[in-house]
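Got the viewer open? Let's take a walk through this structure, one selection at a time.

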Amino acid sequence: HINAAEAKQLVDKGALLVDVREVNEYLDENIPGAKNAPLSGMGRTRIDGAPTVVFHCKSGARTRMNAAALAQCTDAEVYILDGGIEAWKSAGFPLKRG
C-alpha cells in the first residue's frame with residue numbers, strides 16, 4: 001500500500017497505473033495514462049507488459065478488499081494506491097475529466 005506521492009513517483013518511472021473502477025466512473029474522471037480494467041471483469045483480465053503495477057479505485061476500499069485477487073492478475077510487482085483517485089486529487093496531481 002502506497003500513498004499518492006509514492007504512486008506518482010512509480011508512474012513517472014514507468015509503472016502501469018490501473019483504474020479498477022467501472023467504465024462510467026473512469027470516463028467521468030481519470031488519471032491521465034491510467035488503464036481502465038474494471039474490477040467486475042478482473043477475473044478475466046491479465047495485466048502484462050509492465051514490471052510494476054499500481055491499482056487504484058475511488059477511495060481505496062475496492063482495491064483494499066480485492067488486493068489478493070488483483071495481485072493474481074499480473075506477474076508484476078503490485079501496489080495499491082491508498083485513498084484511490086481521491087488521494088491523487090487531494091495531492092494536486094493531474095486529472096482528466098469527461
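One thing before we set off: this is a predicted model.

**Stop 1: the whole chain**

Start with everything shown as a cartoon. You should find five helices and six strands. Trace them along the sequence and the pattern reads α-β-α-β-β-β-α-α-β-α-β. The radius of gyration is 12 Å, close to the 13 Å that the globule rule gives for 98 residues, so the chain is as compact as a globular protein of that length.

If you like to picture a box around things, the C-alpha atoms fill one of roughly 30 × 30 × 20 Å, taken along the principal axes. Switch on the surface for a moment: the accessible area is about 5100 Å², and 50% of that belongs to carbon and sulfur atoms. As for what is hidden, 38% of the 98 residues count as buried. Among contacts with a separation of 6 or more, 63% are between residues 24 or more positions apart.

**Stop 2: the sheet**

Back to the cartoon, and pick out the strands β3, β1, β4 and β5. In that order they make an open sheet of four strands, with parallel pairing. At the edges sit β3 (35–36) and β5 (77–80), each of which pairs on one side only.

Now work across it. Select residues 16–19, which are β1, and you'll see this strand pair with β4 in the parallel sense over four bridges. For one of the matching pairs, show L17, whose bridge partner in β4 is V54. Moving on to the next neighbours, β4 (residues 52–56) and β5 also pair in the parallel sense over four bridges. Here you can show T52, which has E77 in β5 as its bridge partner.

**Stop 3: inside β4**

Keep β4 selected and show its side chains. Is this strand enclosed or open? Five of its five residues are buried, so β4 is largely enclosed by the rest of the structure. Rotate the view to compare the two faces: T52, V54 and H56 are on one side, V53 and F55 are on the other, and all are buried.

**Stop 4: two cysteines**

Next, select C57 and C73. How many disulfides are there? The count comes to zero. A disulfide is a covalent bond between the sulfur atoms of two cysteines. Draw a distance line between the two sulfurs here: for C57, the nearest cysteine sulfur is that of C73, 14 Å away. The cut-off for a disulfide is within 2.5 Å, and that 14 Å from C73 to the sulfur of C57 is too far for a bond.

Are these cysteines buried or exposed? C57 has 0% relative accessibility, so it counts as buried. C73, at 4% relative accessibility, counts as buried too.

**Stop 5: E29**

For the last stop, select E29, which is found in strand β2 (residues 29–30). With a relative accessible area of 11%, E29 is buried, because the cut-off for that label is under 20%.

Show what surrounds E29. Leaving out residues up to four places away in sequence, E29 touches R21, I85, K89, L95, K96, R97 and G98. Zoom in on R97 in that list: a polar contact of 2.9 Å joins its side chain to that of E29.

Note on methods:
Residues numbered from 1 in each chain as written. Predicted model: local features only at pLDDT ≥ 70, side-chain atom pairs only at ≥ 80, totals over all residues. Heavy atoms only, no water. Pairing = 2+ DSSP bridges. Buried < 20%, exposed > 50% of the residue type's maximum accessible area, 1.4 Å probe, protein only. Rg over C-alpha atoms; globule rule 2.2 N^0.38 Å. Contact = heavy atoms within 4.5 Å. Areas by Shrake-Rupley, 256 points an atom, 1.4 Å probe, with all protein chains shown as cover. Polar contact = N/O pair within 3.5 Å; in protein donor to acceptor, adjacent residues only side chain to side chain.
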